[in-house]
Amino acid sequence: GTASYLVVSGKLNRTALIVYSVQPLFDFMWPLLFFNMAQYLCAFIWPVVWGPLLITTFLFYRISKTAGRLMLLYLVWATFADYLDFPFICQINGRIS
């Protein structure tokens, strides 16, 4: 999105764009794990291993402060979405009635 445009229009960094291009694979896998495969615990743990998102945020910030801040918002959203999954996981495992 906007963050990648800022990186491309600024100082081009192939590593940042390569890591950024891996991120959609992680985004694509989450609904498959959660909804299609019913692997709720795996879907909960999956975003915690958001290494590519964290690395992308860091690399984008080094190139463009604005792009890094935009990615930081996405990182916060991904963390919050994972937090929202936790009660569902507990309910499935019988810890919440």
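Me: Where does serine 4 lie?
Reply: Serine 4 lies in helix 1. A friendly word before we go on: this is a predicted model.

Me: Why is serine 4 called buried?
Reply: Buried means under 20% relative accessible area. Serine 4 has 13% relative accessibility, so serine 4 counts as buried.

Me: What is serine 4 in contact with, leaving aside its neighbours within four places in sequence?
Reply: Its partners are Tyr20 and Phe60. A contact here asks for heavy atoms within 4.5 Å.

Me: Threonine 2 lies in helix 1 too. Why does threonine 2 count as exposed or buried?
Reply: The cut-off for exposed is over 50%. Threonine 2 comes to 53% relative accessibility and therefore counts as exposed. Its C-alpha atom is 9.5 Å from that of methionine 71, although the two residues are 69 apart in sequence.

Me: Let's step back. How many helices and strands are there in the protein?
Reply: There are five helices and zero strands. Read from the N terminus, the order of elements is α-α-α-α-α.

Me: How much of the protein counts as buried?
Reply: The protein has 97 residues, and 30% of them count as buried. As for the outside, about 6500 Å² is exposed, with carbon and sulfur atoms supplying 70% of that area.

Me: Which residues make the largest nonpolar core?
Reply: That core has 12 residues: Ala3, Val7, Ala16, Val19, Leu53, Leu59, Phe60, Ile63, Ala67, Met71, Leu75 and Ala78. Helix 1 (2–9), helix 2 (14–36), helix 4 (51–63) and helix 5 each give two or more residues to this core.

Me: What makes a set of residues like this a nonpolar core?
Reply: The residues must be buried, be of kinds such as Ala, Val, Leu or Phe, and be joined through side-chain atoms within 4.5 Å. Alanine 16 is one of the core residues. Setting aside neighbours within four places in sequence, alanine 16 is in contact with Leu59, Phe60 and Ile63.

Me: Why is threonine 56 called buried?
Reply: The value is 0% relative accessibility, and buried asks for under 20%, so threonine 56 counts as buried. Threonine 56 has its place in helix 4. With neighbours within four places left aside, threonine 56 is in contact with Val19, Tyr20 and Met71.

Me: What does the side chain of threonine 56 reach at 2.6 Å?
Reply: The side chain of threonine 56 reaches the backbone oxygen of proline 52. The limit for a polar contact is 3.5 Å, and the distance here is 2.6 Å.

Me: Why is tyrosine 74 called partly exposed?
Reply: Partly exposed sits between the two cut-offs, under 20% for buried and over 50% for exposed. Tyrosine 74 has 28% relative accessibility, so tyrosine 74 counts as partly exposed. This residue is in helix 5. Tyrosine 74 touches Gln23, Asp27 and Leu53, not counting residues up to four places away in sequence. The C-alpha atoms of tyrosine 74 and threonine 57 are 8.9 Å apart, with their positions 17 residues apart along the chain.

Me: What about phenylalanine 88: why does it count as partly exposed?
Reply: The reasoning is that 29% relative accessibility falls between the cut-offs of 20% and 50%, so phenylalanine 88 counts as partly exposed. Phenylalanine 88 lies in helix 5. Beyond its neighbours within four places in sequence, phenylalanine 88 is in contact with Phe34 and Tyr40.

Me: Where does glutamine 39 lie?
Reply: Glutamine 39 lies in the loop between helix 2 and helix 3 (40–48). Its relative accessible area is 41%, which means that glutamine 39 is partly exposed. Glutamine 39 touches Leu33 and Phe34, with residues up to four places away not counted.

Me: Why does tyrosine 83 count as exposed?
Reply: Tyrosine 83 has 56% relative accessibility, and exposed asks for over 50%, so tyrosine 83 counts as exposed. Tyrosine 83 is found in helix 5 (residues 65–92).

Me: Which residues make the nonpolar surface patch of about 470 Å²?
Reply: The patch is made by Trp77, Phe80, Tyr83 and Leu84. A residue needs over 30% relative accessible area to be part of a patch, and tyrosine 83 has 56%.

Methods:
Residues numbered from 1 in each chain as written. Predicted model: local features only at pLDDT ≥ 70, side-chain atom pairs only at ≥ 80, totals over all residues. Heavy atoms only, no water. Patch = residues over 30% accessible without salt bridge, like charges linked within 9 Å, V, L, I, M, F, W, Y side chains within 5 Å. Areas by Shrake-Rupley, 256 points an atom, 1.4 Å probe, with all protein chains shown as cover. Salt bridge = Lys/Arg side-chain N within 4 Å of Asp/Glu carboxyl O. Helix = DSSP H or I, 4+ residues; strand = E, 2+ residues; numbered from the N terminus. Buried < 20%, exposed > 50% of the residue type's maximum accessible area, 1.4 Å probe, protein only. Polar contact = N/O pair within 3.5 Å; in protein donor to acceptor, adjacent residues only side chain to side chain.
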